[in-house]
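Biologist: Before I accept any of the labels, I would like to hear what value stands behind each one. Could we look at the structure together?

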Amino acid sequence: MQVHFHGAAGEVTGSMHLVEAAGKRVLLDCGMIQGGRATEARNFDPFPFDPASIDALVVSHAHIDHIGRLPRLVWQGFRGPVFVQRAGADLMPIMLLDAASLAENDADRENRRRRGGEPEAMPLFTRDDVHDVLDLLEPLAYDARTQILPGVEIAFRDAGHILGSSIVELWADGRKLVFSGDLGPKGTPILRDPVQVREADLVLMESTYGDRNHRDRLDTVHEFGELLEQAWNDRGKVLIPAFAVGRSQELLYWFARYWDEWGLSRWRIFLDSPMAAKVVGVYDRHQQLFDADAQRVWKDRPNPFTLPNLHITASTEESIAINRIENGAIVIAGSGMANGGRILHHFRHNIDRRNSHVVFVGYQAEGTLGRRLVDGAKWVRIHGHDHRVNARIHTIGGLSAHTDQRGLIEWYEGFEGRPPLVLVHGEDRAREALAGELGERDGLDVRLARPGMVVEV
């Protein structure tokens with residue numbers, strides 16, 4: 001068995017690893033590279049392999065940095081099955097169609113500004129390309145060991161990152177590979193804790209927060225409540241860039257849990273994301289995957305998805321109307337890294353207001369607008385216009401959907417015999433810190449994946 005590393009090898013986005021075993025070629029994830037314009041232009045580069053030569057694709061979960069180049073893979077010749085956990089299969093059309101719509105709109109916008117002689121802008125993929133992908137989906141349940149190709153078997157285990165997120169176990173050639181996908185922290189609302197796998201001949205583990213530990217989640221939640229009180233006293237608005245899958249639903253969960261304590265009945269709450277609204281429906285259909293605490297909240301509190309003052313805005317007109325509200329509104333909108341989506345329109349109208357509060361509740365990749373704001377930018381460019389940043393910028397790191405250094409070390413040390421480990425899905429600073437900790441604790445020579453690197457199992 002050989003593993004070839006082609007994405008999320010020195011960075012957080014663009015997850016893609018090729019496994020060659022039993023005479024077959026299996027791709028683990030096919031994610032979009034996210035960041036600034038120059039970074040995202042790499043999504044148009046040719047694949048480092050012939051897409052038609054791939055026999056099957058295995059998806060760890062439905063975030064766009066793990067599935068976002070799949071339509072392009074199919075367009076260029078891939079015709080094999082795409083295996084994904086059942087809830088993830090329900091999320092994939094929502095995620096991919098939204099990404100296609102954004103890509104088409106961006107290309108249209110660039111073409112309207114195109115000068116004579118400049119090449120026509122093309123979207124990374126279209127909605128028609130997405131439908132070609134959906135025809136290939138093969139949903140699987142958790143914990144079912146399944147032969148996906150002659151001599152190749154897989155099983156999905158709950159990764160606790162988003163609904164349907166999976167740790168992938170892969171058996172072939174008498175060897176076993178374990179790919180962590182993205183691991184959630186223990187105690188994440190709604191979701192169950194990541195499953196501990198015990199045996200492996202090689203582990204590929206994410207390292208997004210390999211260099212830090214999160215604050216206690218309840219301390220973070222209390223900080224969030226204090227922030228809302230401050231914003232109310234400032235007679236301002238709260239703008240929250242949030243991923244449509246996972247983070248938006250968790251925020252609504254906390255709003256339901258602390259409905260009385262945070263005085264949320266006085267606010268107008270907007271989930272300004274057609275995609276997030278569709279995702280809510282997927283969560284409702286898969287409540288059997290919720291943890292025990294979430295089951296109690298759904299039973300004893302206001303349903304997080306039907307709060308009495310929650311407005312789920314679908315149309316563009318409804319979204320525009322939010323900007324006429326000057327205070328007393330909480331707006332949750334995509335994208336989570338503020339590199340597209342409706343949150344940019346809300347920033348245009350509010351980023352220069354001193355009583356506005358912008359709250360980042362997730363990872364902000366290098367090159368994104370979110371990262372620039374978190375790093376203290378005084379001016380930002382949105383839709384071709386410069387805006388002064390007068391709003392209060394907050395980072396609530398303890399709500400991350402990725403586990404921290406402690407959690408990663410604990411999950412790896414649950415393996416028997418300390419199998420060989422390769423770190424993926426992390427910037428070098430985070431990976432090097434995690435590798436150093438594991439080396440000191442367990443005497444491991446941890447490898448850091450690089451594009452083009454090959455590991456023999």
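Biologist: What makes β6 and β22 the edges of the open sheet of 7 strands?

Modeller: The strands of this sheet follow the order β6-β5-β4-β3-β2-β1-β22, with mixed pairing. β6 and β22 (454–456) have a single partner strand each, so one side of either strand is left without a neighbour in the sheet. From one strand to the next, the twist averages 25°. Please keep in mind that this is a predicted model, in which local features need pLDDT of at least 70 and side-chain atom pairs count only at pLDDT 80 or more, while totals for chains, interfaces and linings use all residues. Residues are numbered from 1 along each chain as its sequence is written, and side-chain values use heavy atoms, with hydrogens and water left out.

Biologist: How do you know that strand β1 and β22 pair?

Modeller: Two strands pair if DSSP finds at least two bridges between them. Strand β1 (residues 2–7) is joined to β22 by 3 bridges, so the requirement is met, and the two run antiparallel. H4 stands opposite V454 in β22. The strands themselves are DSSP runs of E with at least two residues, helices are runs of H or I with at least four, and both are numbered from the N terminus.

Biologist: What makes you say that α4 packs on the sheet?

Modeller: α4 touches β5 (82–85) and β6, and its direction makes about 110° with that of β5. Contact here means heavy atoms within 4.5 Å, and angles run from 0 to 180 degrees between N-to-C directions, with axes fitted to C-alpha atoms.

Biologist: Which strands form a hairpin with 2 residues between them and A22 in the turn?

Modeller: They are β2 and β3, and A22 has a positive phi of about 55°. Strand β2 (residues 16–21) and strand β3 (residues 24–28) run antiparallel and are joined by 5 bridges, with K24 in β3 as the bridge partner of A21. β3 also pairs with strand β4 (residues 56–58), in the parallel sense and over 3 bridges, and there the bridge partner of V26 is A56 in β4.

Biologist: How do you know that the buried residues of helix α5 lie on the same side?

Modeller: In helix α5 (residues 127–134), the residues D129, V130 and V133 are buried. They cover an arc of only 100° around the axis, which puts them on the same side of α5. These buried residues pack against α3 (70–75), α4 (86–113) and β6 (137–140).

Biologist: Why is R371 called buried?

Modeller: Buried means under 20% relative accessible area, exposed means over 50%, and partly exposed lies in between. R371 has a relative accessible area of 12%, so it is buried. This residue is found in helix α12 (residues 369–374), and, not counting residues up to four places away in sequence, it touches Y363, Q364, A365, E366, E427 and R429.

Biologist: Why is α6 called roughly perpendicular to α7?

Modeller: Helix α6 (residues 217–233) and helix α7 (residues 247–257) pack at an angle of about 75°, with their axes 12 Å apart. Since angles of 65 to 115 degrees count as roughly perpendicular (under 35 is roughly parallel, over 145 roughly antiparallel, and the rest oblique), α6 earns that description relative to α7. By class, their contact has 7 nonpolar, no polar and 2 charged residues. R217, L218, V221, F224 and L228 in α6 meet E250, L251, W254 and F255 in α7.

Biologist: What makes the buried residues of α9 line one face of the helix?

Modeller: A294, V297 and W298 are buried in helix α9 (residues 292–300). Seen down the axis, the buried residues of α9 fall within an arc of 95°, so they line one face. They pack against α7 and α8 (274–285), whereas K299 and D300, on the other side of α9, are exposed.

Biologist: How do you know that strand β17 and strand β18 pair?

Modeller: Strand β17 (residues 379–382) and strand β18 (residues 385–388) share 4 bridges in the antiparallel sense, so the pairing requirement is satisfied. V380 has H387 in β18 as its bridge partner, and in their hairpin, with 2 residues between the strands, H383 takes a positive phi near 50°.

How values were computed. Ala, Val, Leu, Ile, Met, Phe, Trp, Tyr, Cys and Pro count as nonpolar, Asp, Glu, Lys and Arg as charged, and the others, Gly among them, as polar. Buried means under 20% relative accessible area, exposed over 50%, partly exposed in between (1.4 Å probe, protein chains only). The arc is that of the directions from the helix axis to the C-beta atoms.
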